[in-house]
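Reader: I am new to this structure. Please pick one residue, look at it closely, and then work outward to the rest. Where does it sit, and what lies around it?

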Number of protein chains: 2
Amino acid sequence: MLKNYLLAPGPTPVPPRVLLAMAQPIIHHRTPQFSRIFAETKNALQELFQTQQDVLMLAASGSGAMESAITNLFSPGDEVLVVNGGKFGERWMKISAAFGLKVTELRVEWGKSVTVDAVRQLLDERPAIRAVLVQASETSTTVVHPVEALANLTRQRDTLLVVDGITAVGVLDIPMDRWGIDVLVTGSQKALMLPPGLAFIALSERAWKRTKEGKVARFYFDLAKERDNQAKDTTAWTPAISLIIGLRESLAMIREEGLRRVFERHARMAAATRAAAHALDLRLVAPDAPSPAVTGMYTPADVDGGKLVAYLRDRMGVTFAGGQDQLKGKIVRIAHLGYMGAFDVVTAIAALEMALVHFGHRVPLGRGVGAAQEVLMAALPE
Amino acid sequence: MLKNYLLAPGPTPVPPRVLLAMAQPIIHHRTPQFSRIFAETKNALQELFQTQQDVLMLAASGSGAMESAITNLFSPGDEVLVVNGGKFGERWMKISAAFGLKVTELRVEWGKSVTVDAVRQLLDERPAIRAVLVQASETSTTVVHPVEALANLTRQRDTLLVVDGITAVGVLDIPMDRWGIDVLVTGSQKALMLPPGLAFIALSERAWKRTKEGKVARFYFDLAKERDNQAKDTTAWTPAISLIIGLRESLAMIREEGLRRVFERHARMAAATRAAAHALDLRLVAPDAPSPAVTGMYTPADVDGGKLVAYLRDRMGVTFAGGQDQLKGKIVRIAHLGYMGAFDVVTAIAALEMALVHFGHRVPLGRGVGAAQEVLMAALPE
């Protein structure tokens with residue numbers, strides 16, 4: 001008998017309350033009944049995004065919302081600056097290239113955060129750059145990029161800041177309006193604690209203006225059309241009805257906990273995981289700017305990271321993520337986002353310790369767990 | 001946000017597979033469709049009880065099946081010997097008294113196991129005793145009684161051995177036929193991983209003979225009537241349909257894991273929990289004959305056990321059981337039965353450590369967890 005623990009950076013565990021809501025019989029979407037639910041979620045999404053703008057709901061995964069940003073804002077030949085420090089930076093590059101944009105790549109060493117100076121320098125050198133595309137949390141390298149500082153830069157120019165917040169929205173504080181982010185994207189299967197299938201995107205005023213100029217061909221992801229429909233509490237195409245019904249519950253859970261406390265919980269789980277890595281002498285992939293959504297650790301030289309991750313998943317029931325491309329076989333990534341709490345961290349670290357020992361790397365059992373507990377203790381109520 | 005961990009000795013967590021089966025639309029019980037399910041479960045229950053006898057399914061909690069043993073086997077004035085070493089020993093006394101039996105009590109110090117010599121001596125002194133009533137696992141004191149040795153004694157006399165196996169069947173090896181147990185009882189909400197509401201009872205040949213003499217008035221719990229109905233793949237009264245549908249799944253899970261491995265898993269989780277108690281200097285309630293279903297530990301003198309259990313439940317989301325009666329406020333009971341595995345033990349011990357520290361009792365965080373991991377490691381597959 002193997003109990004399963006989903007501790008990868010998406011999909012994340014879905015709370016029973018959300019599962020039950022989604023298990024209700026399906027209802028029709030062109031009804032007042034659905035429109036009421038839709039209206040409720042669209043308002044709650046504005047709180048989550050910390051914006052006055054419409055947050056559009058697309059029946060798509062996060063990559064669909066990333067594509068919609070490109071296809072609605074730009075024309076073929078437009079130049080964009082892509083911060084490429086991992087698999088999802090690469091995705092911005094690929095989407096941009098697919099639609100004929102001219103991409104200026106700012107390569108960032110995997111595990112590092114982009115520097116604001118490097119972005120400023122490029123923007124100064126190449127005034128044709130129409131937007132900076134970046135990840136708030138680069139899931140593949142477990143790094144956060146300095147979105148607030150980048151926004152300080154872009155909002156003073158005619159340059160949009162387009163942010164992939166897929167593992168950031170609902171994890172760390174990225175107040176869209178206050179910072180002046182132009183496009184913010186997320187997906188359902190991360191901090192929103194839902195199955196995959198819904199993506200969300202919000203645009204600033206000036207980004208909406210740009211959509212009028214954008215000449216890339218588009219149909220399904222026509223954001224202006226979605227905005228018109230959303231104003232009438234409906235969607236352009238058939239929405240992912242049960243996911244939106246689940247979304248109402250997960251947004252209610254986030255509201256009940258309070259956004260500040262949600263951010264604190266994620267920060268604490270991440271700090272506890274890093275403390276465990278330190279106690280176990282495991283080097284962090286992103287020591288300088290670690291993401292509160294997911295922690296990457298290099299596996300010891302004597303342990304194959306790929307085998308470790310497979311063993312944890314197949315024989316111990318614990319699903320972490322491994323490394324991709326140049327980090328393949330070298331790291332484990334332990335997520336702590338969404339419907340997760342102290343004992344998910346404890347389980348993750350205990351499982352990691354046991355698996356390391358199983359592969360012949362002698363760590364003292366309980367040492368990493370103890371270090372994590374020390375951090376988690378701080379949040380115990382009176 | 002508080003995730004809930006149910007680590008009390010019943011009800012125990014219900015596996016998703018079982019929950020999904022029970023969530024199907026209700027079907028009618030007087031149908032070939034239900035009879036097929038019923039037939040399947042009654043056969044699988046014989047494997048679980050390790051008996052050739054019918055295992056009857058009652059829409060009742062375990063106490064109902066205990067009552068049925070008394071009301072079907074005895075007549076008012078019959079003398080029975082009750083091994084009373086905890087709350088459930090007391091329950092045998094109360095049920096026996098309620099139906100006018102003459103009870104000879106063999107008191108056992110809480111936390112201790114009954115000795116076979118003490119039972120033998122009483123049976124020798126009082127030949128009128130018609131049965132010995134005992135718990136295989138006394139949940140309140142986390143002790144196991146020596147059922148095999150007691151059966152060696154009773155099967156050589158005209159004395160029935162009536163065993164409450166509510167936290168024992170599916171946890172430890174109690175082969176009913178091989179040992180010569182006369183009555184074996186269990187409930188759905190323990191090792192069977194179901195919600196409460198179903199109870200099970202099997203009788204030996206000689207116990208069935210006794211039911212013909214039993215003069216206690218009975219109606220709902222008429223076991224001979226249930227047996228007649230069960231032979232036709234139905235029940236005397238309306239069965240708990242969805243629980244029986246869930247039972248088919250949980251019995252399938254037990255069969256897939258294999259009874260031996262189920263017993264080993266429980267033994268290992270219990271050993272790991274005891275190792276943690278030892279590492280944390282917490283005294284066991286039942287050091288000599290501890291149950292593999294649940295482990296009792298005395299809380300340190302400086303910590304109120306009742307407050308500890310309430311804090312763990314209400315503020316940390318971790319439900320243990322406390323002590324009852326003379327043990328009230330003095331112990332915690334941590335269950336490891338049913339749908340539980342290594343990381344439930346890890347969560348239990350990590351939570352206990354953190355709660356102890358919260359109440360000012362300085363244990364080294366991670367020390368108990370490490371000791372538990374050491375034991376759990378032994379079961380990791382290659």
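Author: Start with Asn229(A). Asn229(A) is partly exposed, because 17 other C-beta atoms lie within 10 Å of its own. A buried residue needs 20 or more such atoms and an exposed one has 12 or fewer, so a count of 17 falls in between. Keep in mind that this is a predicted model.

Asn229(A) belongs to helix α9 of chain A, which covers residues 223–231. What does Asn229(A) touch, not counting residues up to four places away in sequence? The answer is Thr234(A), Thr235(A) and Ala236(A). Leu56(A) is another residue to look for. Leu56(A) and Asn229(A) stand 173 residues apart in sequence. In space, their C-alpha atoms are 9.8 Å apart.

Now step back to the domains of chain A. The assignment gives two: domain 1 runs from 16 to 256, and domain 2 from 258 to 377. Their centres, taken over C-alpha atoms, are separated by 28 Å. The two domains meet in a contact that takes 22 residues from domain 1 of chain A and 23 residues from domain 2 of chain A. What classes of residue does domain 1 bring to it? Its side has nine nonpolar, nine polar and four charged residues.

Next, a sheet in chain A. Three strands form an open sheet in the order β11-β14-β13, with antiparallel pairing. At its edges stand β11 (294–298) and β13 (321–322), each pairing on one side only. β11(A) pairs with β14(A), residues 331–335, over five antiparallel bridges. Within that pair, Met297(A) faces Val332(A) of β14(A). A helix packs on this sheet: α11 of chain A, residues 259–279, touches β11 and β14. The direction of α11(A) makes about 10° with that of β11(A).

Turn to chain B for another sheet. Which order do the seven strands of this open sheet follow? They run β2-β10-β9-β8-β5-β3-β4, with mixed pairing. β2 (55–59) and β4 (102–107) of chain B hold the edges; each has a single partner strand, so one side of each lacks a neighbour in the sheet. Neighbouring strands here are turned by 20° against each other on average, direction ignored. Strands of a sheet pair through backbone hydrogen bonds, in either the parallel or the antiparallel sense.

One strand of this sheet deserves a closer look: β9 of chain B, residues 183–187. Five of its five residues are buried. Both faces are covered. Val183(B), Val185(B) and Gly187(B) lie on one side, and Leu184(B) and Thr186(B) on the other. With β8(B), residues 160–164, the pairing of β9(B) is parallel and spans three bridges. There, Val162(B) stands opposite Val183(B), and Val163(B) stands opposite Leu184(B). With β10(B), residues 198–203, the pairing of β9(B) is antiparallel and spans five bridges. Gly187(B) has Ala199(B) of β10(B) as its bridge partner.

Helices lie across this sheet as well. Helix α4 of chain B, residues 87–98, crosses β3 (79–84), β4, β5 (129–135) and β8. Its course is at about 160° to β3(B). Helix α9 of chain B, residues 223–231, lies across β2 and β10. This helix runs at about 110° to β2(B).

How do the two chains relate? A turn of 180° and a shift of 0.0 Å along the axis lay chain A on chain B, with an RMSD of 0.0 Å. That is the relation of a two-fold axis. The same surface serves both copies: 100% of the contact residues of chain A recur in chain B. Which residue of chain A comes closest to the rotation axis? Gly366(A) does, with its C-alpha at 2.3 Å.

Last, the contact between the chains. Chain A gives 29 residues to it, and chain B gives 29 residues. On the chain A side, α10 (241–257), α13 (342–358) and α14 (367–377) each supply at least two residues. α13(A) gives the most, with nine residues. By class, this side of chain A has 16 nonpolar, six polar and seven charged residues.

Note on methods:
Residues are numbered from 1 along each chain as its sequence is written. Chains are lettered from A and ligands numbered from 1 in the order in which they are written. This is a predicted model: local features need pLDDT of at least 70, side-chain atom pairs count only at pLDDT 80 or more; totals for chains, interfaces and linings use all residues. Copies are superposed by least squares on the C-alpha atoms of residues with pLDDT of at least 70 in both. Two residues are in contact if their C-beta atoms, placed from the backbone, lie within 7 Å. Helices (H or I, at least four residues) and strands (E, at least two) are DSSP runs, numbered from the N terminus. Ala, Val, Leu, Ile, Met, Phe, Trp, Tyr, Cys and Pro count as nonpolar, Asp, Glu, Lys and Arg as charged, and the others, Gly among them, as polar. Domain bounds come from an automatic or database domain assignment. Two strands pair if DSSP finds at least two bridges between them. Axes are lines fitted to C-alpha atoms, for helices over the stretch in contact, and angles run from 0 to 180 degrees between N-to-C directions.
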